[in-house]
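User: Please take a close look at one part of this model, the larger picture of strands in chain A, and walk me through how the pieces around it fit together. I am new to this structure, so please explain the terms as you go.

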Amino acid sequence: MTSPEAAVMSDERAPILSLRSISKAFGAVKALTDVDLDVHSGEVVAIVGDNGAGKSTLVKVLAGVHSPDAGSITFKKSTVRITSPAASRELGIATVFQDLALCDNLDVVSNLFLGNEVGGFALDEVEMEKRSLSLLHQLSAKIPSVRTVVAALSGGQRQTVAIARSLIGEPTVVILDEPTAALGVAQTAEVLNLVERLRERGHGVILISHNMADVQAVADRVVVLRLGRNNGDFRVSEVTYEQIVAAITGASDNVVTRRAGARSGEEAKQ
Amino acid sequence: MIDINNQNTPLEFESGAAAGRGVLGYWQVFRKRIGAGDLGALPVVAGLVIIWAVFQILNPFFLSAANLSNLALECAAIGTIAVGVVLVLLIAQIDLSIGSIGGLASAVVAYGFVLHGWPLWLSIVVAVIAAVAIGLIYGLIFTRFGVPSFVITLAGLMGFLGLQLAILGTNGSINIPFDSWVVVFAQQMFIPAPVAYVLVAIAVGLYVTSTYLNSRRRSAAGLSATSSREIFFKSALLVVLLGAASWYLNTSRGIGLMFLLFVLIVIVMNYALTRTRWGRSVYAIGGNVEAARRAGIPVNRVVISVFILGTTLAAIGGILATARLASAGVSSGGGDTNLVAIAAAVIGGTSLFGGRGNAWSALLGIVVIQSIASGLTLLSLSSSIRFMITGSVLLLAVVIDSLSRRSRAMHGQG
């Protein structure tokens, strides 16, 4: 496990995952153009951007759903090609998509080990339950019982199960696609705690999010995409909300800043 | 006996349902499960008790050993087909052609064995291989072309009925000699009383050993485990139930060997579904096929294997039915065979929506349906009444399934 200091130090080390000049076009539409991205172990990198900025395409390139037209991917110092979702998983990149892909009719243990069951012709339920408990404990997850069917869990608990499942293969990099999009306040906090646990465990985390508050709460770095290109790479501790929004929208004068300006103007009058 | 209390309840989690909390704990867990829409076998067992009580009041012969012994034999053939239906329903598909495949299998056996003098075993093997091939074709068409299984098997229903008629030719019906072993097996072979008790002892012994070893492993791993007391009570209950049933049926002819075969098929399928990776994949595909695919499950292969098992069990059931009647004819596997087999699976508690149910539901469902049939026959009521009552029971079962599904969905949002 990586201590917080080591996480800060990690910037000086070589990144575990490194994308250079990734481009991807769908017909005439250029979804990604020369995109660079670095992820270190024990680091949470948030990818933000407006709709259509290329976040999802970038995630799908890493997950092996799309293969890039140009550019190189370096994973653990060697150049790799990610040609299929299975190849991505085998490398050690786990992706938790927004729709979670859980089986509602199965219990938590079965979902965690789905496709990776221990024992083929005589499932070792004891071993699987033991490992599930210890994994969920490490994540400080609040699940009523590991034998509850997933249908009976709340949105935050389902997200927790989906994230925990991605950790079964001990991945190096975990990609979370909008993990808090559909959640309430308390459940969002739960998932953000979970993201911090992932960082403590030494995983490199890529967090796709629309929610700036979440990004500023957990991310170490923010990578901004705009119209399929890199448009800023900030350390969260050194950047303001306005700067990020400016990078997302491509200007410091935009709807969001004008609104903020108008409000502060009104406050000044009072 | 070692006292295994779960002093070391792991962390803040709770993995067992009610271990070590006594009768009250069980009752609370039970209430909670029912409230959350997890009804299990409760509705069908309750229904069965009511049906048996009503018929016993109307006709005291109903619960006699002779009638129950006969009832068990009546269940075996279509029950075996229903096990296949359960498997197909679990992956949220349907096989409408089971009756035709059963009929085809019986025609093949009669054709080979009676008309062409093949050895009986060879005729049966040929019939089963034909069924495997049919299941393979269904599975391939389904996975390659994405045609709904409803349509594929509807085509199969008509096509294989035609093939059955073609094989029987102008004969209409072919009698199978009464002294052939398959007919003797289905009509006259019953488990001798001493053997029945030995089997009960073996079954309970296996249950106790496996539960005890499992509970020891669980407590060694720090998980909540079944207490020795609970294991003892459950085993005692099992001994009393199975022992009493064996004793009672043995006051008449006893337990038919064909029924034992059916129960063995149910037990093997139950093991495959609950304790193997294949079974877990079947449930996963029925629950969320996309999730199963993303988890790396070979969805197509599992689906094909399920279709093959469905048609194979249909053929075995068809052969058992033929053996019981000692004849194969144009009506073998026809009439209500299809509907009764599918109804049995659903009445037993297997969801039409996929992913929920178990092999035992085939046994429970067919016992319910055949009890109704047997009771009404004893009251000398016509089959028109039987169809209407069975239809109502089926409708009730589907309504219960839908309601419990809705209840689960509501509790899932909490």
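Analyst: In chain A, six strands form an open sheet with mixed pairing, in the order β6-β7-β8-β3-β9-β10; strands here are DSSP runs of E of at least two residues, helices are runs of H or I of at least four residues, and both are numbered from the N terminus, while two strands pair if DSSP finds at least two bridges between them. The edges of this sheet are β6 (93–96) and β10 (229–235) of chain A, each of which pairs on one side only. From one strand to the next the twist averages 20°, where axes are lines fitted to C-alpha atoms, for helices over the stretch in contact, and angles run from 0 to 180 degrees between N-to-C directions.

This is a predicted model, in which local features need pLDDT of at least 70 and side-chain atom pairs count only at pLDDT 80 or more, whereas totals for chains, interfaces and linings use all residues. Residues are numbered from 1 along each chain as its sequence is written, and chains are lettered from A and ligands numbered from 1 in the order in which they are written.

Within the sheet, β3 (44–49) of chain A deserves a careful look. Six of the six residues of β3(A) are buried, a residue being buried if 20 or more other C-beta atoms, placed from the backbone, lie within 10 Å of its own, exposed if 12 or fewer do, and partly exposed in between. In a regular strand the side chains alternate between the two faces of the sheet. For β3(A) both faces are covered, with A:V44, A:A46 and A:V48 buried on one side and A:V45, A:I47 and A:G49 buried on the other.

The neighbours of this strand can be followed through its bridges. β3(A) runs parallel to β8(A), to which four bridges join it, and in that pairing A:I47 stands opposite A:I208. β3(A) also runs parallel to β9(A), with five bridges between them, and here the bridge partner of A:I47 is A:V223. Strand β9 (residues 221–226) of chain A in turn pairs with β10(A) in the antiparallel sense over five bridges, and A:V223 has A:D233 as its bridge partner in β10(A).

Helices pack against this sheet as well. Helix α6 (residues 155–166) of chain A touches β6 and β7 (173–177) of chain A, and its direction makes about 165° with that of β6(A); contact here means that the C-beta atoms of two residues, placed from the backbone, lie within 7 Å. Helix α7 (residues 185–200) of chain A lies across β3, β7 and β8 (204–208) of chain A and runs at about 150° to β8(A).

Just ahead of β3 there is a loop that follows β2 (29–39) of chain A, and A:G42 is found in it. A:G42 counts as buried because it has 24 C-beta neighbours inside 10 Å. From C-alpha to C-alpha, A:G42 and A:T240 are 23 Å apart in space, and they are 198 residues apart in sequence.

On the other side of that loop in the chain, β2 belongs to a second sheet, an open one of four strands with antiparallel pairing in the order β2-β1-β4-β5 (chain A). Here β2 and β5 (78–80) of chain A stand at the edges with a single partner strand each, so one side of each is left without a neighbour in the sheet. In this sheet the twist averages 30° from one strand to the next. Strand β4 (residues 70–75) of chain A pairs with β5(A) over three bridges in the antiparallel sense, and among these residues A:I73 has A:V80 as its bridge partner. Helix α2 (residues 55–63) of chain A lies across β1 (17–26) and β2 of chain A, at about 65° to β2(A).

Both sheets belong to a chain whose secondary structure comes to 10 helices and 10 strands, and 47% of the 270 residues in chain A are buried. As for confidence, the mean pLDDT of chain A is 84, with 89% of its residues at 70 or more, pLDDT being the predictor's confidence in each residue, from 0 to 100. Among the elements of chain A, helix α1 (residues 4–9) has the lowest mean pLDDT, 46, and helix α4 (residues 108–112) the highest, 93. Where pLDDT is low, the predicted coordinates should not be read in detail.
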